[in-house]
Number of protein chains: 2
Amino acid sequence: MAITVVGSVAYDSIETPSGRRERCLGGAATHFALAASFFTDVRVIAVVGEDFGPEQEAVFAARNIDTRGIERAPGKSFFWEGSYLDNLNEAKTHQTDLNVFATFEPKIPEAYRDSEYLFLANIDPALQRRVREAMPDVRLVAGDTMNYWIKDHRAALLEVLKGLDILLINDTEARMLAGNNNLVQAARAVMAMGPGTLVVKHGEYGATLFHKSTQEGGSTERTFRAPALPLEAVMDPTGAGDSFAGGFFGYLASQRNLSSAVYRRAMFYGSVMGSFAVERFGTERIQALSRKEIDGRFELFRELTHLD
Amino acid sequence: MAITVVGSVAYDSIETPSGRRERCLGGAATHFALAASFFTDVRVIAVVGEDFGPEQEAVFAARNIDTRGIERAPGKSFFWEGSYLDNLNEAKTHQTDLNVFATFEPKIPEAYRDSEYLFLANIDPALQRRVREAMPDVRLVAGDTMNYWIKDHRAALLEVLKGLDILLINDTEARMLAGNNNLVQAARAVMAMGPGTLVVKHGEYGATLFHKSTQEGGSTERTFRAPALPLEAVMDPTGAGDSFAGGFFGYLASQRNLSSAVYRRAMFYGSVMGSFAVERFGTERIQALSRKEIDGRFELFRELTHLD
């Protein structure tokens with residue numbers, strides 16, 4: 001079933017211990033869409049500037065991603081510059097130019113209206129909310145956010161959370177959002193804000209799924225931990241979280257019955273896509289990926305955690 | 001099969017967000033021995049002062065731990081004072097008094113000589129080495145260490161590592177020991193120093209096993225990740241790592257065939273014992289524990305990671 005994703009399509013200049021890339025294709029919606037496209041149809045809502053050309057367009061086209069919702073506006077695309085020189089787990093932002101995103105008004109193409117899955121990537125919660133309200137009939141809505149919105153746009157964010165089925169955030173964000181340093185207590189507090197399912201990402205240590213299941217007769221609470229693959233070479237962590245979200249939500253959208261087992265497998269597919277994303281700069285690795293490689297790595301993850 | 005453990009038996013004064021305890025029974029050998037005693041016979045080599053009385057003795061006796069190797073010396077027992085007020089993952093040390101440990105000369109009781117398993121808890125590598133050399137015929141030797149020895153007693157520590165089958169350390173220590181920030185590369189470098197098996201503990205995120213197996217026809221390298229249980233209340237993290245080691249090594253010592261599957265289950269038993277240890281101050285929770293509770297929590301861990 002098709003996913004519509006709204007979020008940034010951008011240029012990133014990135015420096016890591018492995019090197020530097022200038023203005024490579026990035027943005028949360030880009031990373032999410034590429035990862036999810038291995039599992040289901042994906043449609044993007046975003047805005048780009050006049051610097052977005054056929055070369056970037058071709059990256060989406062190669063994965064059959066619907067870009068009719070990517071608006072072209074006068075000016076430059078969103079630009080981010082950051083580095084991970086001291087710590088691969090934490091980006092240091094050097095520059096953020098919103099550019100055309102500063103006045104973005106999301107428009108939903110008619111052809112997107114039958115999407116059953118909606119992903120609100122990390123953007124201004126006011127925009128997330130507008131898209132959510134414009135697509136009231138979707139089957140499942142997931143979203144992401146970041147410390148900036150949690151701190152300075154809390155009221156707007158809380159409104160968005162009410163309309164989410166699934167929230168994917170990292171440890172620090174979960175603790176900040178809940179105002180509680182204990183992960184389990186923080187998860188419970190965040191889930192009381194709306195989302196019945198919470199995925200907390202722990203970077204190189206994996207992710208935890210907190211899940212209220214009503215699918216298996218009665219309401220039960222489940223917790224599931226998926227590891228991250230210990231990787232010998234992490235070239236660029238940019239987009240790892242969005243690629244995780246794309247694998248996770250893409251796999252869910254490809255399944256008819258959303259059982260707990262399907263959620264658990266979705267956590268593994270999220271980890272698989274995150275592990276590929278960091279192996280090269282920007283979108284390089286995911287662009288060159290095959291479904292066979294994905295399935296192979298899924299089995300690696302299974303071995304990594306298989307007890308008996 | 002019996003384990004002999006050498007390490008500290010001490011008094012700890014501990015402050016955490018949950019409260020404060022003065023001079024409770026602690027020390028690496030204590031936490032290790034208590035946890036391992038649920039799986040196999042345990043014998044302790046340590047030194048205590050005149051402040052070690054029948055009440056402390058009774059804690060070991062209640063778990064049938066052999067204390068004939070705990071020497072009584074004139075003076076006071078090892079004392080540590082620390083707090084975890086800002087961060088439950090990292091102790092802030094306020095005071096360390098070696099006391100009788102400053103002149104400790106480990107002596108191995110005749111009755112310990114047939115131990116097939118040896119655990120060198122975190123103490124001066126010079127002492128670890130002497131005990132290792134005095135027990136050349138053990139089947140399996142595991143050990144622990146800490147940043148202080150890695151930084152300031154590297155040569156002595158490297159000698160110890162040559163005689164270890166298994167090293168259990170945390171992330172920071174593994175990276176420091178290897179001089180490499182990538183976990184996989186660091187693990188390979190540490191294993192080249194001696195231990196064929198390395199367990200890297202990630203605190204609240206679990207632990208990773210790097211394991212060269214020669215048991216299953218040829219030499220294969222395996223990696224296994226065990227999660228930690230997301231806990232709603234962590235009262236006192238002191239001794240969590242030693243309790244992990246006790247569960248891990250105690251379970252190994254209880255098994256005849258050390259297959260990869262047995263190592264993986266040992267990782268879970270380590271996580272189980274670590275998860276109990278932090279629920280109360282000092283040794284309180286492990287003292288009150290039953291084998292039935294251990295098995296129950298093992299199943300919780302299985303659910304937490306079970307994919308299908």
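**Entry 1: the two copies**

What rotation superposes chain B on chain A? I looked this up before anything else, bearing in mind that the model is predicted. A turn of 180 degrees does it, with 0.0 Å of shift along the axis and an RMSD of 0.0 Å. The two copies are thus related as by a two-fold rotation axis.

I then asked which residue of chain B comes closest to that axis. Tyr205(B) does, with its C-alpha at 3.1 Å. I made a note of the name, and it comes back below.

**Entry 2: confidence**

I checked the predictor's own scores next. Chain A has a mean pLDDT of 95, and 97% of its residues reach 70 or more. For the complex, the predictor gives an ipTM of 0.89 and a pTM of 0.93.

**Entry 3: how the chains meet**

How many residues does each chain bring to the contact? I found 32 from chain B and 32 from chain A. Of the interface residues of chain B, 100% are also interface residues in chain A, so the copies meet through the same surface.

The size of an interface is often given as the accessible area lost when the parts come together, and I looked that up too. About 3,000 Å² is buried between chain B and chain A, with carbon and sulfur atoms giving 47% of that area. Here Tyr205(B) returns: together with Arg225(B) and Leu307(B), Tyr205(B) supplies 27% of the area that chain B buries against chain A, more than any other three residues.

**Entry 4: polar pairs and the elements behind them**

Across the interface I noted 22 residue pairs in polar contact, both partners at pLDDT 80 or more. Which elements of chain B give two or more residues to the side that touches chain A? They are helices H6 (171–178), H7 (183–191), H9 (260–277) and H11 (291–305), along with strand S13 (220–226). H11(B) gives the largest share, five residues. Sorted by class, this side of chain B has 13 nonpolar, seven polar and 12 charged residues.

**Entry 5: salt bridges**

Side chains of opposite charge can pair when their charged atoms come close. I found 44 salt bridges over all chains, and four across the interface of chain B and chain A.

I looked at two pairs by name. Glu204(A) and Arg175(B) meet through their side chains at 3.1 Å, N to O. For Glu232(B) and Arg188(A), the N to O distance is 2.6 Å. Glu232(B) lies in the loop between S13 and helix H8 (240–253) of chain B, while Arg188(A) lies in helix H7 of chain A, so this pair joins two chains.

Conventions. Residues are numbered from 1 along each chain as its sequence is written. Chains are lettered from A and ligands numbered from 1 in the order in which they are written. Side-chain values use heavy atoms; hydrogens and water are left out. Copies are superposed by least squares on the C-alpha atoms of residues with pLDDT of at least 70 in both. Contact means heavy atoms within 4.5 Å. pLDDT is the predictor's confidence in each residue, from 0 to 100. Buried area is the accessible area (1.4 Å probe) that two parts lose on being put together, summed over both. A polar contact is a pair of N or O atoms within 3.5 Å; within protein, one must be able to donate a hydrogen and the other to accept it, and residues adjacent in sequence count only if both atoms are side-chain atoms. Helices (H or I, at least four residues) and strands (E, at least two) are DSSP runs, numbered from the N terminus. Ala, Val, Leu, Ile, Met, Phe, Trp, Tyr, Cys and Pro count as nonpolar, Asp, Glu, Lys and Arg as charged, and the others, Gly among them, as polar.
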